[in-house]
Amino acid sequence: MFYRDWRVLWPWLVCGFLGAACLYPLVQKNDTAMILYIVLMQAYAMTPVTNLVHTDRLSGWKQYIALIPGGRQRYAAEKFLLMLLFFPVLMAGEFAGVQLWIQSIGGGFLPIYYMPYKELACVFYFGMTALQLPVRLLFFNSFSVYWEILTWALALPTVLWLRSNHIFAWYAARQQGNTPAPEEISSLDYIRFFQLDWKGAALAAVCLFLLTAAVTIWLAGYTRGRGLFEKGQLSAGSVGQFFRTNGKQLAAICGITAVLWTGLWILDSHMPERSFHIYSKPSWRGGDSYLITNLLPDEVKEKYWYEEFTYEGAYTAYDREAEIAGVTAGWFLIRDGEWFLWEMETDTRKPVSLPEDERISEVQLLDSPEPEVIALWRYDEPDVPGGASGFFSIRENRMITDFIYGSWGDDLIDGMIAAEDADGSWVLIDPATGEITGTLPGRP
C-alpha cells in the first residue's frame, strides 16, 4: 500500500522541499507572509493525501482493501504515516531556505534553532491534521469537504488575528477617540503573540495527533461503504469529477484565504512596526548630539539619569527592518523601505538613491553643516571577512568613489572627507568629485 502511494507522492515531496526552500527568502521580511508560509504547508501536505483517499473511493479500492484482514485499519494507519512523512521534508525545505537567505546576505551557516515560527508550524500542522484527516477517512466525501472549509475558516483567521491583534487593538482605541501615540502603542492591552506558550501548544498538538490517529485506526475497522455514513453520489468518476462536484466549496476556500491575506496584508502595511524616539543634549563640540532609541522618555530618564536629554519627537517606521543611519544639521538619514533624508520639524523628506547592493552592511551620514556625504561599508565577497568603504555624494546624488577605502572620519574636515587609503595612509577627498585633495598625518 505504501509503495503504491509512494509512486504518487514522491514528486509532491520533492516539489514541497524545493518550494519551501525557494519561497523562504521571499517571505521572511514580512511577518504576515511568513506565518501564512508556515501554516499553508499543512494544506500542501493534505492535498495529495486527500486526492488519494478520494481516488480510492471512486475506484472501489477501499472496498478491495477491506477484504484483507485488518485492511481498513492498515489503510487509515498508512495515511497518517504519509502525513508524518511530509512534515520533516517540508521543515527540511524551510531549513534549506534559511541557509539560502543567510548566504545571500553574506552570513554563515545557522543552526536549526534559528528557524522562526517552528513551534507554530508544529502546532498548525499536527493540530489541523488531527482535525481533518480522521473526518476525511471516516466520513463521506461531501461532509469532509465542508468540514475542511469550516476548520480552515476558523483556524487561519485565528492564527492571523493572534499575530496581528495589536492592529485591531490600535483601531479599537482609535474608534473610541483615544488614538495612541507611537510611543504608547506598546502599552495597549492585547495578546502578545511571541509570549504565548508555543512549545507547550506544539506538544499538545502532537499528542492530539497521536490520539486521533489511534482512535481513527480503531474506528476504521467498523466503517462500511465509503464511510461511516453511506452516500451514493460518488459511485463513479475521476479526479476531474471531484473538482466539478466540489468546485463551489474549493472556490470558497480560495476566496476566504485571498480575502484574509489581502486584508491583513493591507492592515500590516499601514500599521507602525516600530518607533524611533529621538532625544538631544548639548555636545561638547557645540551644537547638539542625539540619542535614537526605542525607550520612552521615563525609561531614558531612569537609564541615563546623569545626562540632560531632551525629548525631541519620534519617527514611526512601517518597515520592521527600518534604521536611522545618522543625523546632521537636523536631517536624519532613514531607511524605511527606501532611503531618504528626513527633517523632523517640517516632516520634509528627500529621497536618496543609494546603490542597492546586499553586500553593503553599514551606512553612515557624515557630520557636516549640511547633509553632504554618506559613507558605505561593503563586503567584497560573502565568504571573505573584511571589505572596503566608498562614499556617496548627496549633492551629486551618486557614488563619487569606488569601494577602495578603509575607515573614515565621522566628520568632514574643512569640507573634505577623511578616509584611510589602501596603503594605510589617511587622505582628504573632495565630496563633489571624489578626487584626493590632500593627506593627513594620521587618523583624525
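These notes go through the cores, surface patch, aromatic pairs and salt bridges of a predicted model.

1. **Main core.** The largest nonpolar core has 58 residues. I35, Y37 and Y125 have the most contacts inside this core. Six helices each give two or more residues to the core: α1 (2–27), α2 (31–59), α4 (71–104), α5 (118–138), α6 (141–175) and α7 (198–220). In general, nonpolar side chains tend to be buried together in soluble globular proteins.

2. **Y37 and its contacts.** Set aside the neighbours within four places in sequence. Y37 is then in contact with A20, L23, Y24, V27 and E94. Y37 is also one of the residues with the most contacts inside the largest core.

3. **Second core.** A separate core of 16 residues is also present. Its members include W331, L341, I374 and F403.

4. **T216 in helix α7.** T216 sits in helix α7. Is T216 buried or exposed? T216 is buried, because its relative accessible area is 2%, under the 20% cut-off. Beyond its neighbours within four places in sequence, T216 is in contact with A76, F80, P134, L137 and L138.

5. **Nonpolar surface patch.** F2, W6, W10, V14, F17, L18, L81 and L84 make a nonpolar surface patch of about 710 Å². Helices α1 and α4 each give two or more residues to the patch. The most come from α1, with 6 residues. F17 is in helix α1. F17 counts as partly exposed, with a relative accessible area of 30%.

6. **Aromatic pairs between helices.** The model has 20 aromatic pairs. How are the rings of Y44 and F86 arranged? Their centres are 6.4 Å apart and their planes stand at 75 degrees, so the pair is edge-to-face; the cut-off for that class is over 60 degrees. Y44 belongs to helix α2 and F86 to helix α4, and the two are 42 residues apart. This pair therefore links distant parts of the chain. Burial of the two partners is as follows: Y44 is partly exposed at a relative accessible area of 25%, while F86 is buried at 1%.

7. **Aromatic pair between strands.** Y315 and F340 form a tilted aromatic pair. The distance is 6.3 Å centre to centre, with 55 degrees between the planes. Y315 lies in strand β3 (residues 310–317) and F340 in strand β6 (residues 338–343), so the pair ties together parts that are 25 residues apart in sequence. Y315 is buried, with a relative accessible area of 2%. F340 is buried too, with a relative accessible area of 9%.

8. **Aromatic cluster.** One aromatic cluster is formed by F80, F87, Y125, F126 and F209. Y125 appears again here, after its place among the residues with the most contacts inside the largest core. F80 is also a contact of T216.

9. **Salt bridges: E78 and K79.** The structure holds 11 salt bridges. One of them joins the side chains of K79 and E78, at 2.6 Å from N to O. K79 is buried, with a relative accessible area of 0%. E78 counts as buried at 6% relative accessibility.

10. **Salt bridges between strands and loop.** E323 forms a salt bridge with R335, and their closest N and O atoms are 3.2 Å apart. E323 is in strand β4 (residues 323–328) and R335 in strand β5 (residues 331–336), 12 residues apart. E323 is partly exposed, with a relative accessible area of 29%. R378 and D357 also meet in a salt bridge, at 3.5 Å from N to O. R378 is in strand β9 (residues 373–379), whereas D357 is in the loop between β7 (348–351) and β8 (360–365); the two are 21 residues apart. R378 is buried, with a relative accessible area of 18%, and D357 counts as partly exposed at 24%.

11. **Salt-bridge network.** Which residues do shared salt bridges join into one network? They are R4, D5, E78 and K79.

12. **K29 and E321.** K29 is in the loop between α1 and α2. K29 is exposed, with a relative accessible area of 54%. Its C-alpha atom is separated by 8.1 Å from that of E321, 292 residues apart along the chain.

Technical notes: Residues numbered from 1 in each chain as written. Predicted model: local features only at pLDDT ≥ 70, side-chain atom pairs only at ≥ 80, totals over all residues. Heavy atoms only, no water. Core = buried A, V, L, I, M, F, W, Y, C linked by side-chain atoms within 4.5 Å. Buried < 20%, exposed > 50% of the residue type's maximum accessible area, 1.4 Å probe, protein only. Helix = DSSP H or I, 4+ residues; strand = E, 2+ residues; numbered from the N terminus. Contact = heavy atoms within 4.5 Å. Patch = residues over 30% accessible without salt bridge, like charges linked within 9 Å, V, L, I, M, F, W, Y side chains within 5 Å. Areas by Shrake-Rupley, 256 points an atom, 1.4 Å probe, with all protein chains shown as cover. Salt bridge = Lys/Arg side-chain N within 4 Å of Asp/Glu carboxyl O. Phe/Tyr/Trp six-rings, centres within 6.5 Å; stacked < 30°, edge-to-face > 60°.
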